[in-house]
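Colleague: Hi! Could you walk me through this structure at an easy pace?

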Amino acid sequence: MAKADQTEIRARIVIEHPVRDVLHSLQSGDTDILDPKRSKAGEPLAFDFPLRVAPGPKFFGDQVRREGPVRRFVYIRIGQSAGDHSSEWSRRMKIDVHDTPQDLLDRAMAGEGVVELTVNGTGKDGSPACATVKVVGRQIT
């Protein structure tokens with residue numbers, strides 16, 4: 001799809017309850033690490049990135065990965081995958097963006113704010129969440 005048919009919006013992933021002192025980063029492209037940060041006291045981590053939206057809606061951008069004809073997601077790298085080679089963890093979170101409600105996309109395209117997706121950063125066993133992580137909150141900020 002031509003870029004002329006796409007509208008760039010701002011998106012943010014907020015990781016609530018990340019495991020303390022574990023490095024997290026956005027994945028850009030297939031392997032690049034972007035904006036690495038860690039939570040010292042369990043405070044939320046936020047990652048901002050541009051997201052291009054086309055009718056459908058369809059999603060594009062350097063952080064957007066695809067699986068099949070519809071599914072689009074963003075990876076958050078964790079531990080060694082985020083560049084901390086001394087970490088005991090080497091994981092990625094897969095956060096779906098394709099199911100973002102149209103009303104939030106419309107508001108972001110109208111310049112009303114940032115589409116914010118919130119996930120829980122700690123798995124049931126107390127280790128960093130990984131694989132497909134359920135979005136627990138969606139809003140415009």
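Colleague: Let's start with V133: is V133 buried or exposed, and why?
Modeller: Keep in mind that we are looking at a predicted model. V133 counts as buried because its relative accessibility is 10%, and buried means under 20%.

Colleague: Where in the chain is V133?
Modeller: V133 sits in the loop between strand 10 (131–132) and strand 11 (135–140).

Colleague: And which residues is V133 in contact with, leaving aside its neighbours within four places in sequence?
Modeller: With those neighbours left aside, V133 is in contact with M93, K94, I95, V119 and N120. As for G123, ten residues from V133 along the chain, the two C-alpha atoms are separated by 9.2 Å.

Colleague: Let's zoom out. How many helices and strands does the protein have?
Modeller: You'll find one helix and eleven strands. Reading from the N terminus, the order is β-β-β-β-β-β-β-β-α-β-β-β. The radius of gyration is 15 Å, close to the 14 Å that the globule rule gives for 141 residues, so the protein is as compact as a globular protein of that length.

Colleague: What box do the C-alpha atoms fill?
Modeller: Roughly 45 × 25 × 25 Å, taken along the principal axes.

Colleague: What share of the residues is buried?
Modeller: Buried residues make up 45% of the 141 residues. On the outside, the protein exposes about 7200 Å², and carbon and sulfur atoms supply 47% of that area.

Colleague: What about contacts: how much comes from residues 24 or more positions apart?
Modeller: Such residues account for 61% of the contacts with a separation of 6 or more.

Colleague: Can you show me an example from a strand?
Modeller: Sure, take D48 in strand 4. Not counting residues up to four places away in sequence, D48 touches R10, A11, R12 and L26. D48 and A11 are 37 residues apart along the chain, with their C-alpha atoms separated by 5.7 Å.

Colleague: How does D48 count in terms of accessibility, and why?
Modeller: D48 counts as partly exposed because its relative accessibility is 35%.

Colleague: Now T118, please. Where is T118 found?
Modeller: In strand 9, which covers residues 115–120. T118 counts as buried, at 10% relative accessibility. Leaving aside neighbours within four places in sequence, T118 is in contact with V14, E16, K134, V135, V136 and G137.

Colleague: How far is T118 from W89, C-alpha to C-alpha?
Modeller: Those C-alpha atoms are separated by 22 Å, and the residues are 29 apart along the chain.

Colleague: Switching to pockets. What volume does the largest pocket have?
Modeller: About 230 Å³. If you wonder how one looks for such spaces, rolling a probe the size of a water molecule over the atoms shows where empty space is left.

Colleague: Which residues line the largest pocket?
Modeller: The lining is G56, P57, K58, F59, F60, V64, R65, R66, P69, V70, R72 and H98. These divide into six nonpolar, two polar and four charged residues. Strand 5 (58–60) and strand 6 (64–67) each supply at least two of the lining residues.

Colleague: Tell me about F59. Is F59 buried or exposed?
Modeller: F59 is buried, with a relative accessible area of 2%. This residue lies in strand 5 and is also part of the pocket lining. Leaving aside neighbours within four places in sequence, the contacts of F59 include L51, R52, V53, V64 and R72. F59 and V70 are eleven residues apart in sequence and 9.1 Å apart in space, C-alpha to C-alpha.

Colleague: Anything unusual in the backbone?
Modeller: Here is the general background: most residues other than glycine have a negative phi, and most peptide bonds are trans. In this model, a cis peptide bond joins G56 and P57, with omega about -15°. P57 is in the loop between strand 4 (45–54) and strand 5.

Colleague: And what is the phi of H17?
Modeller: Near 55°, a positive value in a residue other than glycine. H17 lies in the loop between strand 1 (7–16) and strand 2 (23–28). With a relative accessible area of 51%, H17 is exposed, since exposed means over 50%.

Colleague: What about D21?
Modeller: D21 has a positive phi of about 65° although it is not a glycine. D21 lies in the loop between strand 1 and strand 2, and is partly exposed at a relative accessible area of 37%.

Conventions: Residues numbered from 1 in each chain as written. Predicted model: local features only at pLDDT ≥ 70, side-chain atom pairs only at ≥ 80, totals over all residues. Heavy atoms only, no water. Helix = DSSP H or I, 4+ residues; strand = E, 2+ residues; numbered from the N terminus. Buried < 20%, exposed > 50% of the residue type's maximum accessible area, 1.4 Å probe, protein only. Contact = heavy atoms within 4.5 Å. 1 Å grid on protein atoms, 1.4 Å probe; cavity = no way out; pocket = protein on both sides within 12 Å on 5 of 7 lines; lining within 4 Å. Points joined across faces, edges and corners; volume = space filled by probe spheres on them. Nonpolar A, V, L, I, M, F, W, Y, C, P; charged D, E, K, R; others polar. Rg over C-alpha atoms; globule rule 2.2 N^0.38 Å. Areas by Shrake-Rupley, 256 points an atom, 1.4 Å probe, with all protein chains shown as cover.
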